[in-house]
Amino acid sequence: MCSVISRVKPVQRALASTLRLRTNADGLNYAAAQSRRFCPGFITGAQPLWVTSRSYCARIATTDGLLFRQLFEVESSTYTYLLADADTKEAVIIDPVLETIDRDLKFVSELGLKLTVAVNTHCHADHITSTGPMKKRVPGLKSAISKLSGASADIHLTEGDKIPFGRHCLIVRETPGHTDGCITLVTGDQTMAFTGDALLIRGCGRTDFQQGCAKRLYKSVHEKIFTLPDECLLYPAHDYLGRMASSVGEERKFNPRLTKTMEEFADIMNNLNLPNPKKMATAVPANLVCGLQD
């Protein structure tokens with residue numbers, strides 16, 4: 001028994017040292033990150049040096065036979081998600097970004113996938129989508145977005161619609177509040193949900209432009225996302241602190257905004273006083289036409 005304990009203690013000391021180092025580093029970046037945390041596309045101050053190397057992450061999907069890749073775009077801190085049926089190779093891409101179209105299509109090619117649908121969780125204000133240009137390069141690819149977004153697409157989605165790929169599917173839940181056309185995409189077995197800007201990790205999308213409404217967002221999150229199983233993994237459209245996933249149970253317990261009452265939440269959201277995303281003037285018009293600019 002004593003020999004086992006003696007072997008464990010050095011490991012514990014090493015782990016504690018690593019955690020202290022990470023805590024110190026997080027503290028240095030916290031102030032700058034706070035100003036960007038809920039403002040997609042708005043960047044101030046120095047960014048963590050490691051961000052530029054985080055181009056993608058291969059995570060293990062909890063659904064059997066599902067291939068999953070989490071991809072990252074540095075300038076807008078946007079996550080793009082690639083999901084595919086491991087057997088049929090049919091694939092769906094969520095929130096692709098114009099600047100990373102070559103990278104994304106390279107993954108599709110290398111993995112031997114057949115990309116069928118490119119879907120946006122809403123009409124983004126901080127970056128231009130690559131769905132339109134991607135359609136020109138991938139025969140048969142269809143674009144999709146919420147009907148309530150007002151944007152053009154091959155498929156206009158509404159509550160309960162399904163996006164099939166092989167024997168898997170994504171089910172649409174309308175989650176307006178950040179914009180009218182925000183949707184959350186939930187896997188058929190409810191083990192994963194792609195929340196766009198409606199729900200971020202320990203945060204949420206802002207509500208001060210593009211039809212934003214704080215009370216509507218609060219209701220959307222509580223009725224359409226927090227009603228999913230606690231263990232359901234949540235994947236947002238953005239994160240500015242290097243976090244890649246959360247869960248329904250975590251956000252219901254720890255989200256500093258959405259654990260408040262609706263009135264408290266609305267007061268917080270109505271007094272953020274954030275500048276507009278720096279690409280908003282060009283991104284919104286472009287995204288209304290599937291990212292195809294004149």
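The legends below describe close-up views of a predicted model.

**View A. The hairpin of strand 3 and strand 4.** Strand 3, spanning residues 78–85, pairs with strand 4 in the antiparallel sense, and the pairing extends over four bridges. Within this pairing, A84 has A91 of strand 4 as its bridge partner. Four residues lie between the two strands of the hairpin, and K89, which sits in the turn, has a positive phi of about 70 degrees.

**View B. Strand 4 and its parallel neighbour, strand 5.** Strand 4, formed by residues 90–94, has four of its five residues buried, so it is largely enclosed by the rest of the structure. With strand 5 (residues 114–119) it pairs in the parallel sense over five bridges, and A91 stands opposite L115 of strand 5. Between these strands the chain passes through helix 2, giving a β-α-β crossover that is right-handed.

**View C. Helix 2 and the residue that follows it.** In helix 2, which covers residues 101–110, the buried residues are I101, R103, D104, L105, F107 and V108. After the helix comes G112, whose phi is positive and near 65 degrees.

**View D. Positive phi values in the loop between strand 11 and helix 4.** R202, located in the loop that runs between strand 11 (192–196) and helix 4 (214–225), has a positive phi of about 60 degrees although it is not a glycine. Q211 is also placed in the loop between strand 11 and helix 4, and its phi, near 60 degrees, is likewise positive in a residue other than glycine. Q211 counts as partly exposed because its relative accessibility is 45%, which falls between the limits of under 20% for buried and over 50% for exposed.

Key:
Residues are numbered from 1 along each chain as its sequence is written. This is a predicted model: local features need pLDDT of at least 70, side-chain atom pairs count only at pLDDT 80 or more; totals for chains, interfaces and linings use all residues. Side-chain values use heavy atoms; hydrogens and water are left out. Buried means under 20% relative accessible area, exposed over 50%, partly exposed in between (1.4 Å probe, protein chains only). Two strands pair if DSSP finds at least two bridges between them. A crossover is right-handed if, with the strands pointing away from the viewer, the path from the first strand over the helix to the second runs clockwise.
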